[in-house]
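Welcome, and please load the model in your viewer. We will go from the whole chain down to single residues, one selection at a time.

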Amino acid sequence: MRVVYSPMHLAHDLVTEVVLGVPVPAFEVAERAERIRTALLADGGFELGEPTEHGLDPIHAVHDPGLVRFLEDAWSDLRRQAVHRPYLVADTYPSRAMFDGMSDAAVDGLPEPTAIGGRAGYWGLDTACPIVPGTYVAARAAVDVAVTTVDLVVAGEAAAYGLCRPPGHHAARRMFAGYCYFNNAAIAAETIARMSGEPVAILDVDFHHGNGTQQIFWRRGDVLYVSLHADPRRHYPYYLGHAVETGEGDGAGANLNVPLGAGTDDAGYLDALGPALERISAFGGSIVVVSLGFDTYALDPIGDLALSTAGYHEIGRRVAALGRRLVILQEGGYHRPSLGENARAWLRGAEGRPHEPLPASGFTPDGTRA
């Protein structure tokens, strides 16, 4: 399998994030991607290459140009305003209650703040998205990874894997959120739709609901979004991801959310995956975009599902059994010691190769610790 990777992700060098108002060691760190890259190289069955540059057009096809401008100049604006912080996180985010009684037109006509803290809240959702000097460069590179992966599959590869970092599925058209700045999977799906003229399905198997992807395609009937994720009543993004959300307008029925209970294991997950794959199978198009997360793993520090490495191998196998070409893009996963082996198992499953843990991985063939 061809793998697309960019070392530019290293510029997004995070140390701290803010959780419930308290600075904590960051979970979304460069080591995540490097662990996966190292495991795939050690496997010997993956061909790694760097992305080609695609410019801003694929991003502007999905995201508001104002969001792009903010992310591009946020760090220089922080310095210009003499705000001395190691990272940028807003302290004020606009609640919908602030605008009660105002028409949409009135709200839309309000100006963007000029203070950098206000700008960060205007375009952001939460404190889990710190901006550092290299954030924009890394986010742009992640998009190039995603679109280059699309290029490979459109050119004939049965499947290709984009090792995107930072991840993307929480980023909405006008909002960065939840470790995500640009929505790599949405950009990939939009690129496929424009190149092929075909409908496109997105399968999101990250622990968290991809609220950004859902929002971007909410009224689109040519893009099917299917997500298996933790019930949002107990986990981020909290306010979206319920089963009753099925799309509106042309997109009515083109959104399928499958919330999962705490402790869902391999068997329970595969039971939920079956109907999701059936829905994709009934949808048109020849390419499926996979938002691939490993925060569903039993040892993940911010998740509460119970999947195993062997389970990932079987999930990859079943997704590939759809018979569609696959654009597989990395999203979350924060138990760093397992990331390489979990990614390797999923991708080998998608290729039809057996799950054979690397000798030094510390995992047995059933996906448990040796």
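Helices and strands here are DSSP runs, numbered from the N terminus, with at least four residues for a helix and at least two for a strand. Counted that way, the chain of this predicted model has eleven helices and ten strands.

**Stop one: the whole chain.** Select everything and turn it around. Along the principal axes, the C-alpha atoms fill a box of roughly 55 × 45 × 40 Å. The radius of gyration is 20 Å, which agrees with the value near 21 Å for a compact globule of 370 residues. Now try a surface view: the accessible surface comes to about 14,600 Å², and 55% of that belongs to carbon and sulfur atoms. Of the 370 residues, 55% count as buried. Contacts reach far along the sequence too: among those between residues at least 6 apart, 76% join residues at least 24 apart.

**Stop two: the sheet.** Switch to cartoon and look for an open sheet of eight strands with parallel pairing. Walking across the sheet, you meet the strands in the order β4-β1-β5-β10-β9-β6-β7-β8. Which strands stand at the edges? Select 47-49 for β4 and 255-260 for β8: each has a single partner strand, so one side of each is left without a neighbour in the sheet. From one strand to the next, the twist averages 15 degrees.

**Stop three: the β4 edge.** Add residues 2-4, which form strand β1. β1 and β4 run parallel and are joined by three bridges. To see one of the pairings, pick Arg2, whose bridge partner in β4 is Glu47.

**Stop four: a helix on the sheet.** Select residues 266-281, helix α9, which packs on the sheet. Show its neighbours as well: α9 touches β6 (200-204), β7 (223-230), β8 and β9 (287-292). The direction of α9 makes about 175 degrees with that of β7.

**Last stop: the cysteines.** How many disulfides does a search of the whole structure find? The result is zero. Select Cys164 and Cys180 to look at two cases. The closest cysteine sulfur to that of Cys164 is in Cys180, and at 10 Å it is too far for a bond. Cys180 is in no disulfide either, with its nearest cysteine sulfur, that of Cys129, 6.3 Å away. Are these two residues buried or exposed? Cys164 has 1% relative accessibility and counts as buried; Cys180 is also buried, with a relative accessible area of 1%.

Definitions and conventions
Residues are numbered from 1 along each chain as its sequence is written. This is a predicted model: local features need pLDDT of at least 70, side-chain atom pairs count only at pLDDT 80 or more; totals for chains, interfaces and linings use all residues. Side-chain values use heavy atoms; hydrogens and water are left out. Two strands pair if DSSP finds at least two bridges between them. Axes are lines fitted to C-alpha atoms, for helices over the stretch in contact, and angles run from 0 to 180 degrees between N-to-C directions. Contact means heavy atoms within 4.5 Å. The radius of gyration is taken over C-alpha atoms; the globule rule is 2.2 Å times the number of residues to the power 0.38. Buried means under 20% relative accessible area, exposed over 50%, partly exposed in between (1.4 Å probe, protein chains only). Accessible areas come from the Shrake-Rupley method with a 1.4 Å probe; for residues, only the protein chains shown count as cover. A disulfide is a pair of cysteine sulfur atoms within 2.5 Å.
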